[in-house]
Amino acid sequence: MRTKIVAGNWKMNKTFEEAEDLITDIIELLDEQGKPEHVDAILCPPYVFLEMAGDITADYPVFIGAQNVSQYESGAYTGEISAAMLRSMHIDFCIIGHSERRKYFHESDEMLLDKVKMAHKENLVPIFCCGEVLQDREVSRHFEVVKQQLENTVFKLSAEDFNTLIIAYEPVWAIGTGITATPEQAQEMHFFIRDLIARKFGAEAAAEKTILYGGSCNGKNATELFAMPDVDGGLIGGASLTAEEFVQIVHAAGAGA
Ligand code: PGA
């Protein structure tokens, strides 16, 4: 059975105290209500809060992830954070290839593959994002775009490395817009991605791959989305900034488990 995952991508939100409060509220709620057994909850706060997040959650079944990682190993790269630094802080996961990084920071497929390799070198599990923009969908190019994104990056990995990776399908038109993909739209793309994985890495690798949906997923629509057979949880932006809603989404993933 595939692990269900709900990961909160906080993006560039919250001050130190607000972050402390949010993490504390999340673990208190999960403690009170019980975390569903087959669901992993991951919090991805900004880099500067990772240490505090790790400390607060140390005794709780919650993982901490970073939102990015450098494609370089170490050295004169002002402002960058390496995979080894994250590993040395006991970080387990790392979002790579988010559409905001591709758009605003010009991260190319080549760069993203380097980032994934760096993450793997330090035993970080990448949460690798893919997804089409609205114009692609309007001209029915969405399947082709996602296929290209995967073929240019993570499909170049060895089968072993590919196994240590989570995929997040995030249609760009759904991110932060309040326009969620319908459960059927999410399912058909997740099925398509799983089929591509089966052709490339075999049926077992495909069956075991966790594929998350991201894009205006919230407490209200998560249950329906996660009920789809190929949707294994979510990468949550806006709705991960409120403890109640994030925990509600974790439970929605549990219901579909
Ligand atoms: P959203 O963001 O849930 O706010 O749409 C999702 C994401 O960008 O990961």
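## A guided tour of the predicted model

Start by selecting the charged side chains: the protein chain carries 21 positive and 40 negative ones, and the centres of the two sets lie 8 Å apart. Keep in mind as you look around that this is a predicted model.

**The whole chain.** Now switch to a cartoon view. You should find 12 helices and eight strands in the protein chain. The radius of gyration is 17 Å, close to the 18 Å that the globule rule gives for 257 residues, so the chain is as compact as a globular protein of that length. If you align the view to the principal axes, the C-alpha atoms fill a box of roughly 45 × 45 × 35 Å.

**Surface and interior.** Turn on a surface next. The protein chain exposes about 11,700 Å², with carbon and sulfur atoms supplying 50% of that area. Colour by burial, and buried residues make up 52% of the 257 residues. For a contact map, take the contacts with a separation of 6 or more: residues 24 or more positions apart account for 73% of them.

**Helix α5.** Select residues 109-121, which form helix α5. This helix has 13 residues and reaches 18 Å from its first C-alpha to its last, close to the 18 Å expected at 1.5 Å a residue. Show the side chains of its buried residues: L112, L113, K115, V116, M118, A119 and H120. Which elements do these buried residues pack against? Add α3 (83-88), β4 (93-96), α4 (99-104), β5 (125-130) and α8 (159-163) to your selection, and you have the partners.

**Positive phi angles.** Stay at α5 for one more stop: the helix is followed by N123, whose phi is positive, near 55°. For context, most residues other than glycine have a negative phi.

Move on to K14, in the loop between β1 (4-9) and α1 (16-33). Phi of K14 is near 80°, again a positive value in a residue other than glycine. Is K14 buried or partly exposed? Its relative accessible area is 31%, so K14 counts as partly exposed, given that this class runs between 20% and 50%.

The last selection is S216, found in the loop between β7 (211-214) and α11 (222-226). Here phi is near 55°, a positive value too. S216 has a relative accessible area of 17%, so this residue is buried, the cut-off being under 20%.

Note on methods: Residues are numbered from 1 along each chain as its sequence is written. This is a predicted model: local features need pLDDT of at least 70, side-chain atom pairs count only at pLDDT 80 or more; totals for chains, interfaces and linings use all residues. Side-chain values use heavy atoms; hydrogens and water are left out. Helices (H or I, at least four residues) and strands (E, at least two) are DSSP runs, numbered from the N terminus. The radius of gyration is taken over C-alpha atoms; the globule rule is 2.2 Å times the number of residues to the power 0.38. Buried means under 20% relative accessible area, exposed over 50%, partly exposed in between (1.4 Å probe, protein chains only). Contact means heavy atoms within 4.5 Å. Accessible areas come from the Shrake-Rupley method with a 1.4 Å probe; for residues, only the protein chains shown count as cover. Lys and Arg count as positive and Asp and Glu as negative; His and the chain ends are not counted. The place of a charge is taken as NZ of Lys, CZ of Arg, CG of Asp or CD of Glu. The expected span of a helix is 1.5 Å times one less than its number of residues.
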